[in-house]
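Me: I should like to learn how the features of a protein model are read. Would you take me through this one step by step?

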Amino acid sequence: MKILVCIKQVPDMESHFRPNGSATWFDESDLAFRMNEYDEYAVEEAVRLKEQLGGEPEITVLSIGPDRVIEAIKKALAIGCDRAVHILEPEVASREPWQIASIIAAYARDKQFDLLFTGMQSQDRGSAQVGVLVAELLGIPSTTTLVGFAWADGVVTATRELEGGVKSKVRLKTPALVTCQLGLNSPRYPTLPNIMKARKKEITMLQAGELSSEKPLTGSAAFRHPEKRGSGVVLEGSVDELVEKVLVILKDKTAVLR
Amino acid sequence: MKLLLVGEYREGRLLDTTAELLGFAAAIGGEASLFLVGSAEAVPAFSGSLYLADAKVYGEYNPEVHKQLLLKAVQEENPDLVVFVHSSYGWDLAPRVAASLKLAQVSEVIGFAGNAYEVGCCNAKMHRNVTPSTSKAVITIQAGAFPALQAEGSPSVKVLSTDAASTTEFMGYEPAEARDVNLAKAEIVVSAGRGIGKKENIEVVRSLAKAFGGELGASRPVVDAGWIDHGHQVGSTGQTVTPKLYVACGISGSIQHLAGMKKSGFILAINKDKNAPIGEVADVLVVADVLQFVPALTAKLS
């Protein structure tokens with residue numbers, strides 16, 4: 001069995017974001033990057049399947065971006081992926097979902113992967129498009145927002161998270177692609193011995209432009225802090241002052257304090 | 001502009017979000033038609049064309065079959081914009097249709113100006129405008145971003161059919177887990193977010209909830225981390241709450257969380273980041289360390 005896991009490297013969401021020069025996206029300087037949280041569940045689920053099958057499946061992890069994405073790739077290798085593909089794209093920030101999906105599909109097309117795992121969305125762009133687009137471009141079935149996954153005899157049984165706590169159960173034959181929701185599993189931390197072992201694993205480098213030259217279907221502008229919509233007040237100061245102020249406001253504006 | 005709205009129907013019922021699609025259509029203006037895999041017996045009120053496929057024949061959501069049905073409606077209607085709700089149905093189906101037609105897709109739209117669509121990014125901390133470069137486009141709108149519209153009239157029904165083969169087998173639904181905590185009825189809800197740092201600190205927030213005489217809620221990351229059970233989760237995949245007072249402790253305010261609590265009577269948020277998106281809905285945002293402020297407030301209340 002051959003498995004592909006697609007991961008993205010995103011900034012730490014606790015960061016302070018500033019627009020880049022053209023305000024199409026954020027300025028990358030001073031940002032710390034990490035693996036997209038949704039993708040951590042995708043990596044973990046693939047590794048669990050490999051373990052369930054006695055180590056037989058070969059897991060390839062793929063990431064698109066500049067050299068910094070090697071860090072996310074190394075983490076996935078340390079968690080248990082077997083080999084990696086780094087698709088070099090220095091301008092990844094200006095590549096939108098259609099282009100990213102086209103690059104991944106071009107790479108995967110002749111590789112006969114049985115299963116493809118992605119996160120259901122990225123924390124930064126959050127389009128929730130790339131996984132499904134890859135499956136559509138490859139002409140294979142896919143399902144999204146997994147909170148449960150099982151594989152047996154070439155059939156995936158997936159539990160999808162719908163709204164209000166309701167879930168649905170679906171079955172699809174491999175080859176197939178699934179997108180992973182938060183809470184699907186408990187992603188493990190890489191151990192030191194596995195980090196050392198991962199250093200010997202193969203990382204293939206490819207150029208994005210050699211895989212796909214699709215033009216963008218959307219443009220991005222006016223990256224900004226949201227306009228303040230509410231009439232809320234922001235309170236700053238010492239904790240004692242803040243507590244006093246809050247109690248006054250709650251007594252004044254709500255009926256819950258007597 | 002011609003719009004094709006993609007309504008949602010589940011287990012014999014038209015979902016409420018369909019009215020938000022009509023609200024969006026009214027806001028942006030233009031001629032709206034509706035696509036629905038539903039029932040001729042529960043046709044929504046509005047005036048326009050209704051492209052209807054029978055849910056009894058085509059079953060619950062099936063990606064390939066619904067895609068083929070929708071592509072037929074698109075072919076007949078030739079809309080400028082195909083509009084979904086950004087839901088487990090919309091975000092699953094929209095990219096399939098966009099890929100088939102090679103159209104731009106803009107996800108989770110919250111506003112528009114001309115043909116630029118406003119969307120959130122970076123966990124809703126930032127916004128940006130996305131403009132399709134194709135002449136026609138597919139969008140999904142954020143649930144709750146556009147007011148629901150109870151339209152009038154009766155649509156002219158055009159029946160759709162397909163013999164598309166299914167690639168995904170629907171097995172059934174699992175109902176929401178029974179809850180031992182009824183947050184929906186609580187007058188005061190005090191919720192813990194990832195900003196509390198670790199599982200043990202749930203108790204700090206629980207003490208404040210007790211001091212207020214309220215119930216303890218939580219954001220999704222706290223539940224996913226196993227710090228508290230799912231029964232406490234507030235948000236679009238947990239419970240929707242409308243208490244008189246909602247206190248958000250260390251919750252940055254993802255869209256999913258805001259959807260579940262923004263209609264609360266009064267919202268007090270405590271966060272060390274004054275730019276956290278929770279500030280968009282909070283009546284008061286206290287910029288402080290949760291672990292210092294919350295115990296101090298609890299002490300004053302007790």
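The dialogue below goes from the overall picture of one chain to a shared sheet and then to single residues.

Me: What does the secondary structure of chain A come to?
Reply: Please bear in mind that this is a predicted model. Chain A holds seven helices and 13 strands. Its C-alpha atoms fill a box of roughly 65 × 40 × 40 Å along the principal axes.

Me: How many of the residues in chain A are buried, as a percentage?
Reply: A residue is called buried if 20 or more other C-beta atoms lie within 10 Å of its own. Of the 258 residues in chain A, 47% are buried. As for contacts in chain A between residues at least 6 apart in sequence, 71% join residues at least 24 apart.

Me: In what order do the six strands of the open sheet stand?
Reply: A sheet is read by following which strand pairs with which. Here the order is β13(A)-β17(B)-β16(B)-β15(B)-β13(B)-β14(B), with parallel pairing. The edge strands, each paired on one side only, are β13 (233-235) of chain A and β14 (215-218) of chain B. On average, neighbouring strands of this sheet are turned by 20 degrees against each other, direction ignored.

Me: How many bridges join β16 to β17 of chain B?
Reply: Four bridges link β16 (residues 266-271) to β17 (residues 284-287) in chain B, and the two strands run parallel. Within β17(B), Val287(B) is the residue opposite Asn271(B).

Me: Which helices lie across these strands?
Reply: One of them is helix α7 (residues 239-253) of chain A, which lies across β13 of chain A and across β16 and β17 of chain B, at about 170 degrees to β17(B). Another is helix α5 (residues 202-212) of chain B, lying across β13 (188-192), β14 and β15 (245-249) of chain B and running at about 170 degrees to β13(B).

Me: Where is the cis peptide bond to Pro175(A) found?
Reply: A cis bond is recognised by its omega angle. The bond from Thr174(A) to Pro175(A) is cis, with omega near 0 degrees. Pro175(A) belongs to the loop between β9 (167-173) and β10 (176-180) of chain A.

Me: Which residue in the loop between β2 and β3 of chain B has a positive phi, and is that residue buried or exposed?
Reply: Glu11(B), although not a glycine, has a positive phi of about 45 degrees. Glu11(B) sits in the loop between β2 (9-10) and β3 (13-14) of chain B. A residue is exposed if 12 or fewer other C-beta atoms lie within 10 Å; Glu11(B) has 9, so Glu11(B) is exposed.

Note on methods. Residues are numbered from 1 along each chain as its sequence is written. Chains are lettered from A and ligands numbered from 1 in the order in which they are written. This is a predicted model: local features need pLDDT of at least 70, side-chain atom pairs count only at pLDDT 80 or more; totals for chains, interfaces and linings use all residues. Two strands pair if DSSP finds at least two bridges between them. Axes are lines fitted to C-alpha atoms, for helices over the stretch in contact, and angles run from 0 to 180 degrees between N-to-C directions. Two residues are in contact if their C-beta atoms, placed from the backbone, lie within 7 Å.
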